[in-house]
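This report looks at charged side chains, how they pair and where they stay unpaired. Please have the sequence and the structure at hand while reading.

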Amino acid sequence: MPRKGKRAPKTEEERLLMLQHKMMAEEEQLRKKERLLNQFLKDKLAKEERNSSLNLNKINTQWRTILREVKAKELRKDIEILSQTFERVVDCKDSVIKSLAKDLTEAEDQYAYALQGHLHNVDELIALQRSRLAYLEECYNEELEALTKEFETERKMIVDHHEKEMRYLQDVYLAMEQNFIDTEYEAKLEFQSMWDDLKNKNLEEKHFLRMQLESTVEDLWRRFQEALKNYTDATEDRKLAFETLKTKDQKSSKEIETQMKKLQKIQDSIALLRSKILVHTRENEEQNQHIRVDKDLVHRQLQKLKQQMNVARAEARRNLAKLTWESNITLRALKKIVEKGDLILRLAEICRKFETEEEKVLPFYSSMLTPEELQEVEQNDHEEPTIEFAKLIENYTGLENFWKRYNKVKLEQLSLQRRRAQLLETNEKLRHMLKQYLDGISVSDEVLSQLNPLLIINQRSNIPLPHIDTSQKPPIYNVIEAAHVASRTL
């Protein structure tokens, strides 16, 4: 049995247990140290954040005070400049308004004068057309009246000539009838004398024959008388009727013969008159044909004049419509130009606020060309342009000052764009450096998840060590602390 004051020798298991307890105690101690370190770092970080926010507030307060003073000075200076500029702009606007009012009054006067002249010209043209129509109508009426008078005169002359011819023919007819009566009377007298001679001769022959044939005749006469008596008795009524009809027939024959002679004379006279009337009719038809041709010619001329007048009216109406349409288009174009001018003036007023004092005093910069270049430009200006585009540009030489200001503004715009790009790039760099500085002084999940050479835990960094080549010298880098750069920048 072992003694009570002495330890027994340790076994391997006890030794392992002791080592494990010792290692666990060390690990527990390390954990406590880590917890204390983390708590210390968190407290330090919170303290740094409080100090940073407090310092940042102080810096911002001082910076705001400085900025307010500077801004107040700039604003006072700007207000003085703007007041002067506003007074000058108001004076310019007043002068522009006066000139525009004067131009508007002159334009209204010119428009009224032009309208009055146009209306006067239209009235003169209408009066001239009316006088021309009245003159043509008067000429037409005069020619018509002259033709009517000539026609009436010729008609009256023809009628008078016809009446004279008729009277002459009647006189000829009466003379011929009288001559015929006289001739008939002479013929009758001659006939009567010849009849008497023949009667006497016949009486003598009859007496001689009577002497010879008296006996025979007496017998025959007796027989004849008897037969005649019998015939007379039988045909007494017929004889009387025959005698009556015979006398009537003789009278009718004489009347028919007389009428036939009269008809023959009348037919001859009618044929003569018809021939004369035919001649006169042909003459009258020729005259009427000439008159109709003249009338048709006058009518065609009248229709042509009416057509020309209608064409002139239509042309005048089209010209008036075209003038109205063009005037409306011109008014709309002028209205657009006025609106564009108002827009340009408003933009000029807005741009005037951003002008510097030098631009307000000298709005047009001097030429940047050398004297030799200016002399060459003047020689080229004196030369006659040969290209159509150069000739066209020559009409816009009055816009040279405008193009100067426009080019200057364009150059300033490009310069400001480049300056803005440079400032944006500088701002991006400063933001990146500030972020690096804040990441270096703060501890967060994002910072812990990223590579950070300032974060060392248990004497270890989260950046992997690179393989060092001893044969080459390591490069030397100039490191500037972010806080130093931030303080210098702010």
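Which side chain of opposite charge is nearest to Lys 265, and how far away is it? The nearest one is Glu 177, at 6.4 Å, and Lys 265 has no salt bridge although it is buried. Here a salt bridge is a side-chain nitrogen of Lys or Arg within 4 Å of a carboxyl oxygen of Asp or Glu, while buried means under 20% relative accessible area, exposed over 50%, and partly exposed in between, with a 1.4 Å probe and protein chains only. Lys and Arg count as positive and Asp and Glu as negative, whereas His and the chain ends are not counted.

The model is a predicted one, in which local features need pLDDT of at least 70 and side-chain atom pairs count only at pLDDT 80 or more, while totals for chains, interfaces and linings use all residues. Residues are numbered from 1 along each chain as its sequence is written, and side-chain values use heavy atoms, with hydrogens and water left out.

Lys 265 belongs to helix α2, residues 236-353 (helices are DSSP runs of H or I with at least four residues, numbered from the N terminus). Leaving aside residues up to four places away in sequence, Lys 265 touches Tyr 173, Met 176, Glu 177 and Phe 180, a contact being heavy atoms within 4.5 Å.

Across the whole structure, a search finds ten salt bridges, including the three below.

| Pair | N to O distance |
|---|---|
| Lys 276 and Glu 165 | 2.9 Å |
| Lys 188 and Glu 184 | 3.9 Å |
| Glu 315 and Arg 318 | 2.5 Å |

Lys 276 lies in helix α2 and Glu 165 in helix α1, so their salt bridge ties together parts that are 111 residues apart in sequence. Of these two partners, Lys 276 is partly exposed at 25% relative accessibility, whereas Glu 165, at 19%, counts as buried.

The other two pairs each lie within one helix: Lys 188 and Glu 184 are four residues apart in helix α1, about one helical turn, and Glu 315 and Arg 318 are three residues apart in helix α2, again about one helical turn. Glu 184 is partly exposed at 32% relative accessibility, as are Glu 315 at 35% and Arg 318 at 49%. Elsewhere, salt bridges that share partners join Glu 27, Glu 28, Arg 31 and Arg 35 into one network.
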